[in-house]
Amino acid sequence: MKQSQLFTKTRHEAPKDEVAKNAQLLIRAGYVNKEMAGVYDFLPLGLRTLNKIVGIIREEMNAIGGVELSLTALQDKKIWEATDRWDDKKVDIWFKTKLQNGTDLGLAITHEEPLTQLMKDHIRSFRDLPRAVYQFQTKFRNEVRAKSGIMRGREFLMKDLYAFSRDVAERDAFYEKAQQAYVNVFNRLGIGDKTYMTFASGGLFSKYSHEFQTLTEAGEDTIYVYEGAEKNGQGQIKIAVNKEVLNDEVLTDLGIKRADLVEKKAVEVGNIFKLGTRFSEALGLVYQDEKGKSIPVEMSSYGMGPGRLMGTIVELMADEKGLVWPEAVAPFAVHLVALFDKNGKVSEAADVLYEKLTARGIEVLYDDRDATAGEKFSDSDLIGIPLRYVISEKTLAKNGSEGDAGSVEVKNRATGKVEIRPISSL
Ligand code: ATP
Ligand code: MG
């Protein structure tokens, strides 16, 4: 993409009412726009980054047999009454609305109810199980506090996968596969070393649920991380305990000592849950087993927040100059910054390099704007693309034996390392 076509402008200051570092930087760099507290638009750069995160999650969900669909955000009150989750006294974060004729509708807070209802048309016998179904879909939640930028939106994208199993053993087998898929996602996003599978309260059907918590001061949760496994170098999934369930019982269950736990601030980036038959029984999702007996389907749910992950990456990796993206999620791989000369040589060489790189499938943002070097460099630092190629009269003259196309200066955004490389080697 040519930067002259990118309509977003960077800015020096974030809005005064924006207190979260992630949103401050994302707004300044032109990735998101704040409509109001907890409500953010994704602008072209932001959407590219979000889509990279979505793509990684999608690959990992497909790898464990997930099948993608998309359910509606408008929800019929009746199915939520069947599970007793419509009443504002039971669920206090609903956005509700009405049809012209007065019929109540809700804007989806989550999708257990509609998907369970839908699967009644598709799951009838033991042969129809197991199933794993997921989506990337907008949720609406009237969050009381929305001060964490894109990490806590009132309208936000969620990846939610729901597994339907014959019995507890089949469900547990999938649950374990999903845990590993979650770890894969966090590793690929570059936050694996800071993310802990955290024991949290489990609801009616299991003792614990598992939250995936990433260490950051920007997090709203307090967890107790177990450092024993790392010390042993066992390479297993790193674990922690949420403050809400920290007691003697959980320590005994996990076979760990209080002294091995360290208190940390963290953000929940994912959450996996054994639902049992709470939803299948309430809505009548049953299957016939081999003997023709009707059995309620065993369910589990697997949530993850792509926007919250994006905010978390910003919180962890940004520096005083701006955003710093890992390659896997950066909106572009290369920021080609051209410092134009009077006779048009730089612009000619930069155009050719841009065409060559893009023709090879490399994602390039090409700063072809008529702006000063200072403006271009500070924008480039703020936008945070992993590699910056600077092309100028000076670089073109380097390595400039006759017929040679010259060089560019390559700067690594994360490490600050600079090297001069011949254009022919890029
Ligand atoms: P929290 O305790 O932080 O409110 P939750 O328990 O309500 O999270 P779930 O309902 O399990 O979250 O949602 C699944 C995932 O969706 C979370 O792990 C998180 O990554 C993401 N998520 C939840 N609420 C928000 C939000 N308001 N904004 C952005 N992402 C969110
Ligand atoms: Mg919540």
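I take contact to mean heavy atoms within 4.5 Å. The model I am reading is predicted.

**Entry 1: the sheet**

I looked up the strand order of the five-stranded sheet. The sheet is open, its pairing is mixed, and the order reads 18-17-19-20-21. I then asked which strands stand at the edges. They are strand 18 (364–367) and strand 21 (418–422); each has a single partner strand, so one side of each is left without a neighbour in the sheet. For the twist I noted an average of 25 degrees from one strand to the next.

I followed strand 21 to its partner. Strand 20, residues 407–412, pairs with strand 21 in the antiparallel sense, and I noted five bridges. For glutamate 409, I found isoleucine 420 of strand 21 as the bridge partner.

**Entry 2: helices on the sheet**

I checked what helix 10 lies across. Helix 10 (residues 345–359) lies across strand 17 (334–338), strand 18, strand 19 (387–391) and strand 20. Its direction is at about 170 degrees to strand 18. Helix 11, residues 373–383, also packs on the sheet, where I found it touching strand 17, strand 18 and strand 19. The angle between helix 11 and strand 17 is about 170 degrees.

**Entry 3: arginine 413**

I went to the loop between strand 20 and strand 21, where arginine 413 sits. Is arginine 413 buried or exposed? Its relative accessibility is 9%, and buried means under 20%, so I entered arginine 413 as buried. I looked for what its side chain meets: a polar atom there lies 2.9 Å from the backbone oxygen of aspartate 381. Leaving out residues up to four places away in sequence, I listed the residues that arginine 413 touches, among them Asp319, Lys321, Asp381 and Pro386.

**Entry 4: salt bridges**

How many salt bridges does the structure hold? I noted 29, and looked up three of them.

- Lysine 96 and aspartate 88 form a salt bridge, with 2.8 Å between the closest N and O atoms. Lysine 96 is partly exposed at 33%, and aspartate 88 is partly exposed at 44%.
- Lysine 98 and aspartate 104 form a salt bridge, and their closest N and O atoms are 2.8 Å apart. Lysine 98 has 55% relative accessibility, so I entered it as exposed. Salt bridges with shared partners join Lys98 and Asp104 with Lys77 and Glu81 in one network.
- Arginine 166 meets glutamate 170 in a salt bridge at 3.0 Å, N to O. With a relative accessible area of 26%, arginine 166 is partly exposed.

Terms used:
Residues numbered from 1 in each chain as written. Chains lettered and ligands numbered in written order. Predicted model: local features only at pLDDT ≥ 70, side-chain atom pairs only at ≥ 80, totals over all residues. Heavy atoms only, no water. Pairing = 2+ DSSP bridges. Helix = DSSP H or I, 4+ residues; strand = E, 2+ residues; numbered from the N terminus. Axes fitted to C-alpha atoms, helices over the stretch in contact; angles between N-to-C directions. Buried < 20%, exposed > 50% of the residue type's maximum accessible area, 1.4 Å probe, protein only. Polar contact = N/O pair within 3.5 Å; in protein donor to acceptor, adjacent residues only side chain to side chain. Salt bridge = Lys/Arg side-chain N within 4 Å of Asp/Glu carboxyl O.
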